[in-house]
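This report covers backbone angles and cysteines in one model. The sequence and structure come first.

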Amino acid sequence: MSDIIVIGGGIAGLSAAARLSADAKVTVLEQETSTGYHASGRSAALYEENYGLPSTVALNTASKSYHYEANGGYLSPRGFLIVAQAGEKEAYEKDIATLGLDAVSIERACDFIPILNRDHLAFAGYHADALDIDTDRLMQDFTRMLKSNGGQVVTKAPVSAIKRSSDGWSVTAGGTEYTCATLVNAAGAWADPVAEMAGIAPLGILPHRRSMARIPAPAGHDVTQWPMFFGVGETWYAKPDAGALIVSPAEEDPVEPHDAWADDMVLAEGIARYEHMVTEPVTRLLASWAGLRSFSPDRALVLGPDPSDASFVWCAGQGGYGFQTAPAASQLLADLVMGRTPQLAPDLIAQLTPNRLRR
């Protein structure tokens with residue numbers, strides 16, 4: 001028997017399990033053959049402190065020192081550039097204010113991204129402190145922390161049944177029965193179905209598809225030092241990746257939980273928006289895929305025990321912010337489960353715990 005079972009082996013589940021393992025025997029159950037398969041394996045892997053709701057930004061800020069310092073740090077320089085056309089001034093000014101960007105000249109923007117189309121580019125904003133996250137190593141180190149504390153990760157373990165037992169929970173996964181006192185739901189897109197399986201009312205966690213394509217470096221440019229660049233209002237984005245570019249329409253289309261794939265039409269529309277702002281057309285794709293970003297009804301993360309049953313704990317609704325919030329979010333969850341006073345402010349905690357969605 002484990003003290004705690006965590007359902008879901010993405011960054012949310014692994015970081016929560018690692019933190020909890022300091023005080024409890026923890027088992028992670030992952031339905032796929034490896035951890036980080038779904039949303040965590042399809043992340044843009046960017047740390048942008050000002051990205052998200054105020055509660056998300058607070059978690060980003062609280063995670064900053066861990067990202068910079070833990071295990072030698074996980075961040076490397078990238079930069080963040082938004083570009084806008086003449087008719088997008090209002091949306092551009094909103095992005096500048098919300099994201100804390102510095103307005104830069106057209107010339108400066110083209111220094112960053114030499115393929116930008118000067119005929120269409122009217123405004124640009126830049127933030128130097130947007131950083132790449134070494135997501136693989138971050139997940140590996142949380143897994144190492146879990147295992148060093150006696151915890152385990154079980155893959156190929158899809159959960160098929162959850163029942164209340166005399167001393168907690170009985171979970172059937174991959175044909176094996178596991179028991180625990182406390183159950184943590186870090187199932188990402190499947191968070192609500194897992195809750196219903198356990199007899200807990202769902203919270204309205206809804207997955208949304210985001211499609212992506214990898215394209216060759218435009219016109220043979222060395223894109224290694226280019227910043228990530230966005231259409232104003234996040235209508236598309238492009239990011240250097242292993243000598244190529246990832247281009248996404250940045251869509252958020254609600255879908256059922258599944259192993260996501262790119263929508264060809266949506267992807268084509270997003271690539272067309274990207275092409276409108278650059279001088280080099282996209283002539284071929286190297287690959288395409290999609291991930292699921294799962295949001296609660298108010299789009300804030302959901303962290304902590306369900307008010308109807310304190311032994312059922314939510315670690316869900318990360319949206320696209322799972323990696324950048326993981327250090328602080330996992331620490332908060334562990335503090336709440338273990339009955340410790342969290343370091344975060346009470347008003348922030350109230351914006352994150354599931355109680356807010358049960359009223």
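A disulfide is taken here as a pair of cysteine sulfur atoms within 2.5 Å. By that criterion, a search of the whole structure finds zero disulfides. The model is predicted, so local features need pLDDT of at least 70 and side-chain atom pairs count only at pLDDT 80 or more, while totals for chains, interfaces and linings use all residues. Residues are numbered from 1 along each chain as its sequence is written, and side-chain values use heavy atoms, with hydrogens and water left out.

Two cysteines can be described further. The closest cysteine sulfur to that of Cys-180 belongs to Cys-315 and lies 15 Å away, too far for a bond. Cys-180 is also buried, with a relative accessible area of 0%. Cys-110 counts as buried too, at 8% relative accessibility. Buried means under 20% relative accessible area, exposed means over 50%, and partly exposed is in between (1.4 Å probe, protein chains only).

Turning to the backbone, most residues other than glycine have a negative phi. Lys-156 has a positive phi, and Glu-234 has a positive phi as well. Strands are DSSP runs of E with at least two residues, numbered from the N terminus.

| Residue | Phi | Loop between | Relative accessible area |
|---|---|---|---|
| Lys-156 | near 50° | β9 (152–154) and β10 (159–165) | 58%, exposed |
| Glu-234 | near 55° | β14 (228–231) and β15 (237–241) | 21%, partly exposed |

Conventions
Helices (H or I, at least four residues) and strands (E, at least two) are DSSP runs, numbered from the N terminus.
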